[in-house]
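Open the model in your viewer and show the whole chain as a cartoon. The stops below say what to select next and what is there.

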Amino acid sequence: MFRENRTHEMPELFSEKNMMPDTLKKRYEKSWAKGFYEDVFCRIDETLFSVLYSDKVSRPNLPVNIYVSLEILKELFGLSDEKFLGRFYFEHLNA
């Protein structure tokens, strides 16, 4: 069952971004991550992938925009799947 990921459009009161110290918020505003989020992540049309999922009521898909973004980042950094996952889970891509 396909469902679009809209959770990133509704920030939580106690989200990581809201809990960041002001110095980190300023760094985020100037970093490539903000542009990537606004110009790439938010513009991924997940509905293009809906045909890959069953119409039957079932467990919803994992967010397509996250998977596509991760693939884009993997290619931008020129990493193998294994190295990318290691950096994603343990270094947050900015080490």
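Start with the whole surface. The protein exposes about 7700 Å², and 59% of that comes from carbon and sulfur atoms; accessible areas are computed by the Shrake-Rupley method with a 1.4 Å probe, and for residues only the protein chains shown count as cover. This is a predicted model, in which local features need pLDDT of at least 70 and side-chain atom pairs count only at pLDDT 80 or more, while totals for chains, interfaces and linings use all residues. Residues are numbered from 1 along each chain as its sequence is written, and side-chain values use heavy atoms, with hydrogens and water left out.

Now return to the cartoon. The protein has 5 helices and 0 strands; these are DSSP runs, H or I of at least four residues for helices and E of at least two for strands, numbered from the N terminus. Of its 95 residues, 21% count as buried (buried is under 20% relative accessible area, exposed over 50%, partly exposed in between, with a 1.4 Å probe and protein chains only).

Next, select residues 64-77, which form helix H4. H4 has 14 residues and reaches 20 Å from its first C-alpha to its last, close to the 20 Å expected at 1.5 Å a residue; the expected span is 1.5 Å times one less than the number of residues. Which residues of H4 are buried? They are Val-64, Asn-65, Ser-69, Leu-70, Leu-73 and Lys-74. Show 32-39 and 81-90 as well: helix H3 and helix H5 are among what covers these residues. Just after H4 comes Gly-78, with a positive phi near 65°.

Now select Trp-32, Ile-72, Leu-76 and Phe-77, which make a nonpolar surface patch of about 390 Å². H4 gives the most to this patch, with 3 residues. One residue to click is Ile-72, in helix H4; its relative accessibility is 30%, so Ile-72 counts as partly exposed.

Last, select Trp-32 and Phe-36. Both lie in helix H3, 4 residues apart, about one turn of the helix. The whole structure holds 4 aromatic pairs (rings of Phe, Tyr and Trp, using its six-membered ring, with centres within 6.5 Å; planes under 30 degrees apart are stacked, over 60 edge-to-face, the rest tilted). The ring centres of Trp-32 and Phe-36 are 6.1 Å apart and their planes stand at 75°, so this pair is edge-to-face. Trp-32 is partly exposed at 46% relative accessibility, whereas Phe-36 is buried at 14%. Add Phe-77 to the selection: ring pairs link Trp-32, Phe-36 and Phe-77 into a cluster.

Note on methods. Contact = heavy atoms within 4.5 Å. Patch = residues over 30% accessible without salt bridge, like charges linked within 9 Å, V, L, I, M, F, W, Y side chains within 5 Å. Salt bridge = Lys/Arg side-chain N within 4 Å of Asp/Glu carboxyl O.
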